[in-house]
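Let's take a walk through this protein chain together. Keep the 3D view open and turn it as you read.

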Amino acid sequence: QPLEDLYVLLITNPQSNIMEDLDTLRLLSKLIPQYCDGTTEKDVSSHLYELVFAFDEVVSNGFKEYVTIQQVKTYTTMDSHEERIQNIILNSKMNEAKEAARTKAKALEMQKRDRMKMGASEFDMSGMRGMGSSSLETHTSHTPPAGFRDKIDVTPVQEERNEDIRTGPASNAIGMVLGGPGGGADDFVKQLGIKEAAPEVNPFEVKKAAPAAEELKDGTMLLVNVSETLNLQLGADGGVQRLEVKGGIKVTCFSPDVSRVILVTNGPLKRPFMSRMQPRLDKKKWAKGGLGLKDANKAFPTGSADALTLITWKLTSKDESLVPFTINCWPSNEGSSSVVAVEMGVSNEDIVCKHVTISIPCPSSKAPQVTSLDDGKTNFLSREKVLAWQLDEISSENDQATLEFKVPKMDPSSFFPIEVTFTSSTLYSKMKVKKVIQANDGKEVDFKLTSALTTGKYTILGEEEQD
């Protein structure tokens, strides 16, 4: 299999299946640009280990594993549970060593302070023996030996001793203070060369999210979120292989005063949607579009960490008219280059898509040359080897767009699968929350509503990747 200046060679025995061997060869040639910065001999040599691990996911014990490029990426970058445990143990040992060093530093400081006090005490006692009973008032004029004077600051020690005799320990005595501005313990730790340990991170800890500040700025104590996620898989010919929409309504109460409420919607949902409701909710109320607890005296949980999902729904179909927009990607080889033409066309005008990103794999050692672009902008992600085509909006007014770019010659299947992400305020279910009322007296409650459709996994497969 040629790969620019290199060749990918697969050695088999005479009994192997040549069709499977060719498929394996093509997959291996696609992995090389994914795990190397280029396709030169130097690029491959500098990424040998990454490439071996990737090849090992494709061929195991001489037999082909039926995997895709995306699955190989997932397997080779998978998080290691053992590594996380070892990191936690290492951080714990570093913290213990640091604490032991601090304890040792404090003990040394205590010993040093005691030695200084003992030296000052001997000096005072010698002065009292020479002066008799009046030494309490006059021993401050005693002159110590010259050698001793160099080591001890006489005046502060004498004042401290006088204060000790009359009133006990001095509150402003001059001496060593543990934990003071000097930071003796910290300096000692630094001298030992022990670095600050990173804070321990427990990967199994579940953190509760605090209420977002912007959600409470206007004083609203009730948040209602209506959301849907689109998972779509299209073939190279535009046919729908799988279309799934999952949605739900979630309520968040920040005060007990708004926790006994009923959400009035335009429901219930009808086919082809299939819905499931929280068992504590009243089905009779839902038959009229209301979402509320069976017992009006009970309340929804309060706090953002305890947000309650009231109802979920699901739509599964292969109807092409439900697809928001189609992507037609047409690679062709012209001489030593591959020219890729990409066309976007709206197929469902009800869904207005915003912040659209169309990610096209481009496993080339060079950045693609964009030769034509009539809408949006492009950005080549060199690490991921992906050309991202970004569009602000796709709707009935912006219903078509084209992109054309050129790269060094490569296999047409290298430009698949294409991944798409976008957001929309239009829901497939058309679900709306009209108002929220108190369960007891029916008074309306102020609430904040968010409604959004997002993409889960939206992919366009190549011909070889289709089932």
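A residue is called buried when its relative accessible area is under 20%, exposed when that area is over 50%, and partly exposed in between, using a 1.4 Å probe and counting protein chains only. By that rule, 36% of the 467 residues of the chain count as buried. What you're looking at is a predicted model, so local features need pLDDT of at least 70 and side-chain atom pairs count only at pLDDT 80 or more, while totals for chains, interfaces and linings use all residues. Residues are numbered from 1 along each chain as its sequence is written, and side-chain values use heavy atoms, with hydrogens and water left out.

Now for the overall picture. The accessible surface of the chain comes to about 28300 Å², and 51% of it belongs to carbon and sulfur atoms. Such areas come from the Shrake-Rupley method with a 1.4 Å probe; for residues, only the protein chains shown count as cover. The chain has ten helices and 20 strands. Here helices (H or I, at least four residues) and strands (E, at least two) are DSSP runs, numbered from the N terminus. Next come contacts, meaning heavy atoms within 4.5 Å. Among contacts between residues at least 6 apart in sequence, 73% join residues at least 24 apart.

Let's begin with a helix. α1 covers residues 18–35, which makes 18 residues, and reaches 26 Å from its first C-alpha to its last. That's close to the 26 Å expected at 1.5 Å a residue, where the expected span is 1.5 Å times one less than the number of residues. At the start of α1, look for Asn-17: one of its side-chain oxygens reaches to within 2.9 Å of the backbone nitrogen of Met-19. Further along, the buried residues of α1 include Leu-25, Leu-28, Ile-32 and Tyr-35. What do the buried residues of α1 pack against? Their partners are β1 (2–3), α2 (41–45), α3 (48–58), β3 (59–60), β4 (63–64) and α4 (69–76).

Time for some sheets. Two strands pair if DSSP finds at least two bridges between them. One open sheet has four strands in the order β11-β12-β17-β14, with antiparallel pairing. Its edge strands are β11 (325–334) and β14 (369–373), each pairing on one side only. From one strand to the next, the twist averages 15°; the axes behind such angles are lines fitted to C-alpha atoms (for helices, over the stretch in contact), and angles run from 0 to 180 degrees between N-to-C directions.

Inside this sheet, β12 (residues 337–346) and β17 (residues 400–408) pair in the antiparallel sense over nine bridges. You can spot Ser-337 standing opposite Pro-408 in β17. β17 also pairs with β14, again antiparallel, over four bridges; there, Val-370 has Phe-405 of β17 as its bridge partner.

Next, find β13 (residues 353–361). Eight bridges join β13 to the antiparallel strand β16 (residues 386–394), and four bridges join β13 to β18 (residues 418–424), also in the antiparallel sense. Thr-357 is a handy landmark here: Thr-357 stands opposite Gln-390 in β16, and its bridge partner in β18 is Thr-421.

Another open sheet has three strands in the order β9-β7-β19, with antiparallel pairing. The edge strands are β9 (290–291) and β19 (433–438), each of which pairs on one side only. Two bridges join β7 (residues 261–265) to β9, and Val-264 stands opposite Gly-290 in β9.

Is Ile-262, in β7, buried or exposed? Ile-262 counts as buried because its relative accessible area is 14%. Its touching partners, not counting residues up to four places away in sequence, include Gly-290, Leu-291, Val-436 and Ile-437. Ile-262 and Val-436 are 174 residues apart along the chain, yet their C-alpha atoms are separated by 5.7 Å.

For a contrast, head to the loop between β5 (222–234) and β6 (240–253), where you'll find Asp-237. Asp-237 counts as exposed because its relative accessible area is 67%. From C-alpha to C-alpha, Asp-237 and Thr-326 are 9.8 Å apart in space, with their positions 89 residues apart in sequence.

Terms used:
A polar contact is a pair of N or O atoms within 3.5 Å; within protein, one must be able to donate a hydrogen and the other to accept it, and residues adjacent in sequence count only if both atoms are side-chain atoms.
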